[in-house]
Amino acid sequence: MKGKFLDDVIYFSLDSKKIDNKLSTDVLFKMQNVNFLAKANLTSSDKEKNIIKGNILIKKDKNRFTGIVNYKD
């Protein structure tokens with residue numbers, strides 16, 4: 001999905017696919033003019049129903065924040 005917000009070009013993408021009985025979701029959010037990027041890769045297994053694991057990247061100019069996510073409901 002592309003659009004404009006506060007005179008900035010915004011790009012948002014959400015992709016889901018199933019690989020080896022694991023649901024994989026990729027999320028991408030980008031604001032072009034302010035040089036901001038947020039990216040996440042999340043996976044959940046059929047065996048472990050309420051556990052979500054993944055990686056997150058948030059980037060603004062030359063500053064980066066990366067993290068590992070483990071979420072149990």
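This is a short walk through one protein chain, from its overall shape down to a few residues.

Keep in mind that we are looking at a predicted model.

Let's start with the whole chain. Its secondary structure comes to 0 helices and 6 strands. Read from the N terminus, the elements go β-β-β-β-β-β.

Now the dimensions. Along the principal axes, the C-alpha atoms of the protein chain fill a box of roughly 45 × 25 × 20 Å. The radius of gyration is 15 Å, where a compact globule of 73 residues would have one near 11 Å. Burial next. Of the 73 residues, 18% count as buried. The accessible surface of the chain is about 6100 Å². Carbon and sulfur atoms hold 54% of that surface. And contacts: take those in the chain with a separation of 6 or more. Residues 24 or more positions apart account for 12% of them.

On to the sheet. How are the strands ordered in the sheet? The order is 1-2-3-4-5-6, in an open sheet of 6 strands with antiparallel pairing. Strand 1, residues 2-5, stands at one edge, and strand 6, residues 63-72, stands at the other. Each has a single partner strand, so one side of each is left without a neighbour in the sheet. From one strand to the next, the twist averages 15°.

Let's go to the strand 6 edge. Its partner is strand 5, residues 51-60, and the two run antiparallel. 10 bridges join them. You can follow the register on screen. Lys60 stands opposite Asn63 in strand 6. Further along, Asn55 stands opposite Ile68 in strand 6.

Is strand 6 covered or in the open? Of its 10 residues, the number buried is 0, so strand 6 lies largely in the open. Asn63 is an example from this strand. Asn63 is exposed, with a relative accessible area of 55%. Compare its position with Leu6. Asn63 and Leu6 are 57 residues apart in sequence, and their C-alpha atoms are 22 Å apart in space.

Now the turn. The hairpin of strand 5 and strand 6 has 2 residues between the strands. Within this hairpin, Asp61 takes a positive phi near 55°.

Asp61 comes up again when we look at charges. As a reminder, side chains of opposite charge can pair when their charged atoms come close. How many salt bridges does the structure hold? The count is 1. Asp61 forms it with Lys60, and the closest N and O atoms are 3.3 Å apart. What about solvent? Asp61 has 42% relative accessibility, so it counts as partly exposed. Lys60 comes in at 34%, so Lys60 counts as partly exposed too. So this is a salt bridge between partly exposed residues, Asp61 and Lys60.

For contrast, look inside the sheet. Ser24 is found in strand 3, residues 22-31. Is Ser24 buried or exposed? Ser24 is buried, because its relative accessible area is 12% and the cut-off for buried is under 20%. What does Ser24 touch, once neighbours within four places in sequence are left aside? One set of contacts is Asp15, Ser16 and Lys17. The other is Asn41, Leu42 and Thr43.

To wrap up, three things to take away. The fold is an open antiparallel sheet of 6 strands. Strand 6 lies largely in the open. And the 1 salt bridge of the structure joins Asp61 to Lys60.

How values were computed:
Residues numbered from 1 in each chain as written. Predicted model: local features only at pLDDT ≥ 70, side-chain atom pairs only at ≥ 80, totals over all residues. Heavy atoms only, no water. Pairing = 2+ DSSP bridges. Helix = DSSP H or I, 4+ residues; strand = E, 2+ residues; numbered from the N terminus. Axes fitted to C-alpha atoms, helices over the stretch in contact; angles between N-to-C directions. Salt bridge = Lys/Arg side-chain N within 4 Å of Asp/Glu carboxyl O. Buried < 20%, exposed > 50% of the residue type's maximum accessible area, 1.4 Å probe, protein only. Rg over C-alpha atoms; globule rule 2.2 N^0.38 Å. Contact = heavy atoms within 4.5 Å. Areas by Shrake-Rupley, 256 points an atom, 1.4 Å probe, with all protein chains shown as cover.
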